[in-house]
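Me: I would like to go through this structure step by step, with each term explained as it comes up.

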Amino acid sequence: MKKNTKKIILCILTIIMLLTLFPTAVFASEADFEPRMSAPKSSNPYYNRRLNVYSQQGYGMPNCTAYAYGRIYEITGEAPLIKSGNAGSWWFSNKRNNYYEYGSEPKLGAIACWSGHVAVVEKIDGNSVTISESHWGGRYFNTKTYSNPYTKSYQTFYGYIYASDSVFVEEPVVYSYTQEKSEFAEIPTNPFSETELLAVESEPVLLMNSPMLTNAVG
């Protein structure tokens with residue numbers, strides 16, 4: 001009975017520790033990414049004067065920078081670090097200030113930058129990239145799919161700013177230690193499901209560096 005009680009306490013404390021270290025509400029995987037394929041409503045705070053600095057300064061949509069700012073804010077839940085300048089300056093401002101990583105490969109939620117335009121990557125299907133965008137003095141919102149960003153008329157393509165990378169994380173891995181084998185065994189995130197317990201031949205003992213956990217089950 002005492003042994004079972006210790007196991008229950010260990011399970012509860014471990015789950016609490018995992019939730020603290022890996023809060024599932026903060027991060028998402030690419031599979032969870034929801035592309036924006038329709039225009040945001042005027043009441044959406046990411047695109048109006050409530051949260052959008054471009055809108056607050058009188059440069060709201062239709063405007064590619066106002067839209068890209070709002071879309072990144074919507075994806076990440078955090079105000080973008082690039083918050084001034086026209087579309088042609090975003091690429092250089094990001095490089096100069098080391099705001100985000102950047103490169104030539106498209107990623108979901110990345111900012112596609114041309115010499116006079118910015119847009120946001122919503123879908124990637126092989127060599128095809130779908131972006132969402134707005135246009136200063138033109139269309140309020142639209143999506144476009146291309147296979148070569150360098151073909152945009154009268155525009156020089158600079159690359160992609162990976163402003164949304166912070167929300168995409170790999171699934172965390174939990175390590176256990178088996179006494180009989182004396183070796184580390186990699187098991188999925190939830191170490192307490194029936195399938196995972198069967199996969200471990202001997203009773204796993206979680207390595208504990210925390211005095212609180214050690215005292216609780218000692």
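Me: Where is the place of Pro 106?
Reply: This is a predicted model, in which local features need pLDDT of at least 70, side-chain atom pairs count only at pLDDT 80 or more, and totals for chains, interfaces and linings use all residues. Residues are numbered from 1 along each chain as its sequence is written, and side-chain values use heavy atoms, with hydrogens and water left out. Strands are DSSP runs of E with at least two residues, helices are runs of H or I with at least four, and both are numbered from the N terminus. Pro 106 is in the loop between strand E1 (102-103) and strand E2 (111-114).

Me: Does Pro 106 count as buried, exposed or partly exposed, and why?
Reply: Buried means under 20% relative accessible area and exposed over 50%, with partly exposed in between (1.4 Å probe, protein chains only). Because its relative accessibility is 24%, Pro 106 counts as partly exposed.

Me: Which residues is Pro 106 in contact with, leaving aside its neighbours within four places in sequence?
Reply: Contact means heavy atoms within 4.5 Å. With those neighbours left aside, the residues in contact with Pro 106 are Ile 124, Val 129 and Tyr 160.

Me: Which helix or strand gives the largest share of the largest nonpolar core?
Reply: A nonpolar core is a set of buried Ala, Val, Leu, Ile, Met, Phe, Trp, Tyr and Cys residues joined through side-chain atoms within 4.5 Å. The largest one has 28 residues, of which Trp 90, Ile 111, Val 118 and Ile 161 touch the most other members. Among the elements giving two or more residues to this core are helix H3 (64-76) and helix H4 (87-97). The largest share, eight residues, comes from H3.
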